[in-house]
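User: I should like to work through this structure step by step. Please reason briefly in each reply and finish with the value or name I ask for.

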Amino acid sequence: MAPTAPTVELGHGAAMPQLGLGTWPMDDAEAERVVAEAIGLGYRLVDTAENYQNERGVGLGLKASGVAREDLFVTTKFNKEWHGVDLAAEACERGLDRLGLDYLDLLLIHWPNPQHGKYIEAWEGLVGLLESGRVKAIGTSNFKPTHLDRIIEATGVIPDVNQIQLSPLTTRLEARAYHKERGIVTQSWSPIGGQGGEVRNEPKVLQLAEKYGKTPVQVVLRWHLDSGLTVVPKSSDPERLAQNLDVFDFELEPDDVMSLAALDQGEAAAADSDQFGH
């Protein structure tokens, strides 16, 4: 039996795997192959987005895996053109259609786009979708505490998840403290530092990889888990896919968790969601 990640319970009751598959920047063909492969290896969470333009491929991969729908956790996200109460509902339907599914486990607002000024309405739309049962959990991506304050104040509904850029180079302590206080699960995107994989080449990471008998990437992924985070690493290589999931048989010592967090380059190293978004 392939290993699967333990789950964390979200605020509205859904059980989300602590580690899943990220799919950016795969195209449909690659996504179909990799999603089916990853599920075969034991992955149960698959993360996509309208903006990745691979939801159709992801859906075909889910189907090809042969694993029952209720055993899978599927996340997608929508762009700013759908920031509105009815628009968010339409974004959900379009996403479901592309994925070939009849419900979503988690739907996220991809970026707050504060200049656009409509993310509160988008959140109101998600609250309606949660109430209707069309989605099992709702959340945000790239929201700062100031953005989260506004949607919680407007609706009284706290997101299940906020997915943010996070790695030992961008530890986002302020956001994480805010999430923890309110019961929001933090999910890390770009968990090993992006396309260049900068974190994996850090001397400290290489040293710990040797200490624990694991790959540098496995050490970094374990850092996320030992820091109380959930994580969606992307790989399309079968060997790396298997390695990324094989991180539940060891833990980092607390001092090692702290030594990796000390690589933090500050908030300025992360994309600024007041300035950037789609």
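User: What share of the exposed area of the chain do carbon and sulfur atoms supply?

Analyst: This is a predicted model, and the values are computed from it. The chain exposes about 11800 Å². Of that area, the part supplied by carbon and sulfur atoms is 48%.

User: What percentage of the residues of the chain count as buried?

Analyst: A residue counts as buried when its relative accessible area is under 20%. The chain has 278 residues, and the share of them that count as buried is 53%.

User: Why is the chain described as being as compact as a globular protein of its length, and what is its radius of gyration?

Analyst: The chain has ten helices and ten strands. For 278 residues the globule rule gives 19 Å, and the radius of gyration of the chain is close to that value, so the chain is as compact as a globular protein of that length. Its C-alpha trace spans about 55 × 40 × 30 Å along the principal axes. The radius of gyration is 18 Å.

User: How far apart do the centres of the positive and negative side chains lie?

Analyst: The positive set has 25 side chains and the negative set has 42. The distance between the centres of these two sets is 1 Å.

User: Is P25 buried, partly exposed or exposed?

Analyst: P25 lies in the loop between strand 3 (21-22) and helix 1 (28-41). Buried requires under 20% relative accessibility and exposed over 50%. P25 has 42%, so the class of P25 is partly exposed.

User: Which residue lies 9.6 Å from P25, C-alpha to C-alpha?

Analyst: The residue in question is 26 residues apart from P25 in sequence. At 9.6 Å in space, C-alpha to C-alpha, that residue is N51.

Note on methods:
Residues numbered from 1 in each chain as written. Predicted model: local features only at pLDDT ≥ 70, side-chain atom pairs only at ≥ 80, totals over all residues. Heavy atoms only, no water. Helix = DSSP H or I, 4+ residues; strand = E, 2+ residues; numbered from the N terminus. Buried < 20%, exposed > 50% of the residue type's maximum accessible area, 1.4 Å probe, protein only. Rg over C-alpha atoms; globule rule 2.2 N^0.38 Å. Areas by Shrake-Rupley, 256 points an atom, 1.4 Å probe, with all protein chains shown as cover. Lys, Arg positive; Asp, Glu negative; His and termini not counted. Charge placed at Lys NZ, Arg CZ, Asp CG, Glu CD.
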